[in-house]
Every structure is written in structure tokens, then in C-alpha cells.
Amino acid sequence: MTVFPIRIQGDPVLHQRATAVETIDEEIRRLVADMFETMDVANGVGLAAPQIGVGKRIFVYDMENHDGVAHRGAIINPLLTLGKIPGSAPDPDEESEGCLSVPGENFPLKRADWVRVQGVDENGEPVDFEATGWFARCMQHEYDHLDGKLYVDRLNDRYARRARRAAKRAGWGVPGLTWMPGVDPDPFGHDAVEEEGL
């Protein structure tokens, strides 16, 4: 298995819709294994293929949940059905989100508290489950990557301004920027059990 560099906000692959996987073969299974390895070394709880430069509709996750769903899995060509997203302001203490492609930053964001996830796994087996709470947030976050969206694209005006300032300070917003899990310092300063970078 290979650990890949993670693309940073501004890289074109992160800002365009990923294409559907047509055939699940050994190449796709190897990609999924590499995604798991990269996510693990990066201390993430989720990783989408565009984050390692592959514009395919695949994401992996590793997150304990109370929904009776395996805590670790891969979803290929996912479909998401969302519950209602509250219109209230996000709680900065309870609803702050992070992203491995926006390294070291966290901003509050409202998400639906319930989603249904459908797709197939790396063996072509059907996947169909409901997710709630932070697990639902993770599913929405990773799915957004497949549509060319980062969580910072969904922030309200107040936090969007802060995110733009942070990106400008860091020099993001241009192609080719990456960080290397296991080589570069962990941008969130957390270990594998924390749930900061999705």
C-alpha cells in the first residue's frame, strides 16, 4: 500500500465533479487500499479520492458510530439522501469541522443530522445505511468532495470570511500544493483517535 500526498485547497481536482467508477477491478481495489493507508497515516476519519488527486467517485471512512454501521468502509459511486439542514447559526463548540485538504483549520458548519448512504463497496457489494450525528456529518463532508466542494465552500458569511483570510495567509488557492502524511507535521496536531480532519 502507498501513502499519497494530500491535495490542498486550490488544486483543480478538489474543485471539479469526480467521475463515476465504471468497473470495479483490481486497480480500484488497490486505490481503495491506498486511500485507507493514506487516511490512517494522516489521522483522518475520512478521505475522498480527489484529495489524493484521483477524480473518481470514491471515499473511505473510519469512524465509530451509534448507527449499527461498520466503523470502517469504502463507498463507490455513492448517493446521499439528506435530512433537513437547520437554518440556525452553527455552534462553534459543537459543530466545527476540519478537512485534510484545508490543513490545520476548523470552522463551524451546519449539516443535516441524518443521511441515507447508498452505493457499492470495493468488492462491488451493495451498501445501504443510515447515518446520524457526526457520522452523518462525515458522510456529507466526503460526498461533497466528489462534487468538487470543500466544507469551507458551505460556510456562512462570517466564517467564510475567516476561511478566506486563513487560506490567503497560508498561500493556498493555487494548483500543486500538498502535504505528506507521515512526513510533514500533522496539521491538526491530533492523534488517530480524534475526529478533526475529515
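These legends describe close-up views of a predicted model.

**View 1. Strand β3 and its enclosure.**
Strand β3 spans residues 58-62. Four of its five residues are buried, so the strand is largely enclosed by the rest of the structure. In a regular strand, side chains alternate between the two faces of the sheet.

**View 2. Pairing of β3 with β2 and β4.**
Strand β2 covers residues 46-48 and runs antiparallel to β3. Three bridges join the two. Within this pairing, L47 stands opposite V60 of β3. Strand β4, residues 72-82, is also antiparallel to β3. Five bridges link β3 to β4. One pair to pick out is I58 with its bridge partner I76 in β4.

**View 3. The largest nonpolar core.**
This core holds 34 residues. The members that touch the most other members are M35, L47, I58, V60, Y151, V152 and L155. At least two residues each come from α1 (26-41), β3, β4, β6 (102-108) and α3 (157-170). Helix α1 gives the most, with six residues. Another core lies apart from this one. That second core has 19 residues, including V45, A48, F59 and I75. In soluble globular proteins, nonpolar side chains tend to be buried together.

**View 4. Contacts of M35.**
Residues up to four places away in sequence are not counted here. Beyond them, M35 touches L47, A48, A49, I52, I58, F59 and V60. Two of these partners return from View 2: L47 and V60 stand opposite each other.

**View 5. V152 in its loop.**
V152 sits in the loop between α2 and α3. Is V152 buried or exposed? With a relative accessible area of 9%, V152 is buried, because the cut-off for burial is under 20%. Leaving aside neighbours within four places in sequence, V152 is in contact with Q9, V102, F107 and A163. Q9 and V152 are 143 residues apart in sequence. Their C-alpha atoms are 9.4 Å apart in space.

**View 6. The largest pocket.**
The largest pocket contains about 240 Å³ of space. Its lining is made of 16 residues. Closest to the pocket centre are I85, L109, K110, R111 and R154. By class, the lining has eight nonpolar, three polar and five charged residues. Strand β4 and helix α2 (133-146) each supply at least two lining residues. The largest share, three residues, comes from α2.

Technical notes. Residues are numbered from 1 along each chain as its sequence is written. This is a predicted model: local features need pLDDT of at least 70, side-chain atom pairs count only at pLDDT 80 or more; totals for chains, interfaces and linings use all residues. Side-chain values use heavy atoms; hydrogens and water are left out. Buried means under 20% relative accessible area, exposed over 50%, partly exposed in between (1.4 Å probe, protein chains only). Two strands pair if DSSP finds at least two bridges between them. On a 1 Å grid over the protein atoms alone, a cavity is a set of points where a 1.4 Å probe fits but cannot get out, and a pocket is an open set with protein on both sides within 12 Å along at least five of seven lines; lining residues have an atom within 4 Å of a point. Grid points are joined across faces, edges and corners, and a volume is the space filled by probe spheres set on the points. Ala, Val, Leu, Ile, Met, Phe, Trp, Tyr, Cys and Pro count as nonpolar, Asp, Glu, Lys and Arg as charged, and the others, Gly among them, as polar. A nonpolar core is a set of buried Ala, Val, Leu, Ile, Met, Phe, Trp, Tyr and Cys residues joined through side-chain atoms within 4.5 Å. Contact means heavy atoms within 4.5 Å.
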